[in-house]
Amino acid sequence: MSFSDSECSQAAEYKTLRMVSRDRLLYEMLQDSKVGGQRSSWKVLIMDKVTVKVMSHSCKMADITDQDVSLVEELFKRREPMPSMDVVYFIQPARENLVMLLSDMSGREPLYRKAYIYFSTPVPKDLVSHIKSDSSVMPRIGALREMNLEYFPIDTQAFTTDQENALYELFGGENTRKADACLNLMASRIASVFASLKEFPFVRYKKASKEGDDVSKNSRDLIPKKLAEAVWKHITTYKTSIPKFPTTETCELLIVDRSIDQIAPIIHEWTYDAMCHDLLELEGNKYVHEIPSKSGGEPEQKEVLLEDNDVLWVELRHAHIAEASERLSEKMTNFVSKNKAAQLQQRDGSELSTRDIQKMVQALPQYNEQMEKLSIHIAGKLNELIRELDLRDLGQLEQDLVFGDAGTKEVITYLRSNQDGSTENKLRLLMIYCCVSPEKFEGDKAGKLMQLAKLTEEDMQSVTNMKLIEAADSRKTSKGTFSLKFDSAKKTNAERKDRAGDEEEGWALSRFYPKLEELIEQLAKGGLPKDEYECMNSAGSSNESISGGGSKIPPTKPAQSTTAPHSMRSRRTAQWAKSRTSDDGYSSDSVLKTANTDYKKMGQRIFLFVIGGATRSELRVCHKLTTKFRREVVLGSTSLDDPPQYIKYDLDTADICEAEKPKLELLLAES
């Protein structure tokens with residue numbers, strides 16, 4: 001089985017991953033079910049627990065109702081018969097789902113008039129035969145197709161496979177059957193990204209450290225290879241099952257695991273987006289914020305959604321928190337100085353003429369709208385928390401440790417002077433110290449640090465668990481190695497080096513960069529070390545053929561800096577985060593449109609998939625390097641983790657149960 005071509009031609013306009021996902025769900029699935037036959041204009045949409053998450057990550061309820069959907073329901077909930085209406089099923093090809101579907105549509109009195117069935121992934125042949133064997137159901141089926149769409153876009157340039165427990169299942173557990181099931185599901189969902197985009201990737205992966213040795217098939221070091229093999233198997237079947245699927249490579253996919261950089265998930269990242277998710281109590285992207293009451297009474301509670309629909313959020317999310325605060329203040333001042341309602345509000349009421357009042361009334365709607373947009377942003381709240389938790393000193397120590405400018409003396413001094421500090425922050429500091437100087441945690445040294453920090457053995461388990469994620473990489477290469485070496489003393493305490501001469505130098509405490517940035521740059525320039533990264537495609541392919549001559553549109557070389565290197569601690573606005581403002585002092589709605597048109601002349605896409613969770617600093621880097629190389633860099637992972645969530649993994653003893661999120665209720669609540 002195969003899915004039909006999208007109504008909207010992707011060749012005419014470059015579309016991001018989320019845009020493609022939305023268009024396929026709305027036009028290829030919901031709109032396509034309108035074609036032909038005598039049917040009512042309104043229909044029912046039925047989804048299972050997984051596909052409702054897929055839908056909610058790409059579409060709003062308003063988008064769905066625009067396609068003449070009058071009711072959205074869950075497959076396994078009791079439903080009222082609607083024999084005069086058609087139904088669209090968007091479900092996984094699972095046997096229990098099929099049994100429920102056949103129950104709905106069989107017999108003399110089916111629940112719905114005609115069924116349009118769309119499966120999220122390829123359907124096994126035995127299930128297809130099962131459907132065809134029911135003679136009462138077949139005449140009532142208007143469509144039976146595979147969407148090959150089972151991933152979860154979390155950003156215009158990022159997706160997850162929605163496997164929050166993958167780190168435990170692959171690195172901490174001994175259940176090989178569960179680990180294999182985890183990898184197979186992961187591979188299927190990754191492959192569906194390329195099915196949706198109709199992209200045929202070069203599939204590369206981080207090689208096992210001891211390729212020539214007799215490494216166990218269940219070795220953690222082989223996880224990227226096993227995933228790459230499974231993804232490759234799915235993609236090769238698309239060449240024959242999906243119409244117009246490319247027969248030659250059109251993009252690049254690199255698969256790595258969390259061992260490439262264990263500092264990125266735990267260090268304090270000082271951008272607006274990362275700080276919001278690190279310090280505030282968010283439900284996904286939702287934050288309940290107190291704003292002044294319009295009537296002058298008690299503060300009102302307002303739900304803030306930090307998402308792409310908020311143009312100001314898109315503009316500021318990757319900016320340093322200090323820069324975001326400064327720019328919000330400038331926008332507020334600029335707007336107030338140009339809006340008549342704001343100006344006249346500051347004057348004594350007795351001085352206002354009839355004409356002044358008329359101008360105020362005319363400007364009031366814009367004033368209320370823009371003031372509300374600016375007031376929901378919470379940089380001020382973040383700055384309060386930074387001061388309360390004394391994070392500036394901690395952030396400086398963390399980055400000094402990573403770059404070799406601090407060591408044992410500074411760590412001990414900090415712990416002694418912050419005995420009553422946050423347990424989580426002290427634990428994160430020790431985890432970073434362990435990455436930089438693992439030999440300091442040998443024998444009874446770890447116990448002494450634990451006592452000094454006033455941590456429990458349970459707290460310190462997070463430090464011990466880092467060894468389980470570590471790749472057993474003992475090789476030394478000129479390109480450097482990304483894995484931790486707990487079994488050998490390091491010759492230097494610098495875990496990574498300053499990027500001298502980098503164009504995009506930032507504000508204070510913006511010195512840190514995730515190692516994924518170096519990997520993406522190497523991949524874009526065709527410089528991945530061949531002895532560390534293997535390709536699943538033909539043996540004759542090379543790095544150079546992928547990113548050089550293999551690209552239809554070669555990547556643009558970044559401009560060479562003509563200025564001398566500066567300190568990374570200097571206050572300097574990153575070029576990729578510069579604001580675009582309109583005359584009213586507020587971010588123009590053209591920001592998103594301009595960003596969209598910027599994609600039209602892009603080179604081939606680059607996909608990075610991180611097994612075990614990605615970070616917001618890595619997502620930021622993908623946006624940054626998209627601009628730099630003129631190639632859309634898409635980040636994929638099993639989940640997008642924030643530090644409080646990441647450090648709670650107990651890979652030895654965790655008893656993790658997947659909590660079902662009420663995505664359907666959230667989706668319906670929008671209406």
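**A walk from strand 4 to two buried loop residues**

Hi everyone, let's start with strand 4, residues 115-119, which is mostly covered: five of its five residues are buried. Before I go on, please keep in mind that this is a predicted model.

So which way do the side chains of this strand point? A115, I117 and F119 point one way from strand 4, while Y116 and Y118 point the other way. Both groups are buried.

Now for the neighbours. Strand 3, residues 86-91, runs parallel to strand 4, and five bridges join the two. If you'd like a place to find that pairing on the screen, look at I91, which stands opposite F119 in strand 4. Strand 5, residues 141-146, is also parallel to strand 4, and here again five bridges make the link. For this pairing, you can look for A115, whose bridge partner in strand 5 is I141.

How does the chain get from one strand to another? Strand 3, helix 4 (residues 95-105) and strand 4 make a right-handed β-α-β unit. Then strand 4, helix 5 (residues 125-132) and strand 5 make a right-handed β-α-β unit too. Strand 4 therefore has a part in both units, as it does in both pairings.

Let's zoom out for a moment. The protein chain has 671 residues, and 55% of them are buried. Its secondary structure comes to 25 helices and 14 strands. Taking the contacts with a separation of 6 or more, 79% are between residues 24 or more positions apart. As for the outside, the chain exposes about 30400 Å², with carbon and sulfur atoms supplying 49% of it.

A quick word on cysteines. How many disulfides are there? The count comes to zero. Two cysteines you may like to find are C59, buried with a relative accessible area of 2%, and C251, buried with a relative accessible area of 1%.

Next, I'd like to show you two loop residues. One is Q163, in the loop between strand 7 (158-160) and helix 6 (166-172). Is Q163 buried or exposed? Its relative accessible area is 6%, and since buried means under 20%, Q163 counts as buried. Its side chain makes a polar contact of 2.7 Å with the side chain of T161. A polar atom of the Q163 side chain also lies 3.0 Å from the backbone oxygen of C182. And what does Q163 touch beyond its neighbours within four places in sequence? There we find C182 again, along with L185, M186 and T638.

The other loop residue is T615, between strand 13 (606-611) and helix 23 (616-629). T615 has a relative accessible area of 3%, so it falls under the 20% cut-off and is buried. The side chains of T615 and S617 are joined by a polar contact of 2.9 Å. Setting aside neighbours within four places in sequence, T615 is in contact with R258, A264, P265, L635, L640 and D641. Here is a pair to try on your own screen: T615 and E269 are 346 residues apart in sequence, yet 9.6 Å apart in space, C-alpha to C-alpha.

To wrap up, we began at strand 4, with its five buried residues, and ended at Q163 and T615, both of them buried. Thanks for listening!

Conventions
Residues numbered from 1 in each chain as written. Predicted model: local features only at pLDDT ≥ 70, side-chain atom pairs only at ≥ 80, totals over all residues. Heavy atoms only, no water. Buried < 20%, exposed > 50% of the residue type's maximum accessible area, 1.4 Å probe, protein only. Helix = DSSP H or I, 4+ residues; strand = E, 2+ residues; numbered from the N terminus. Pairing = 2+ DSSP bridges. Right-handed = clockwise from strand over helix to strand, strands pointing away. Disulfide = S-S within 2.5 Å. Contact = heavy atoms within 4.5 Å. Areas by Shrake-Rupley, 256 points an atom, 1.4 Å probe, with all protein chains shown as cover. Polar contact = N/O pair within 3.5 Å; in protein donor to acceptor, adjacent residues only side chain to side chain.
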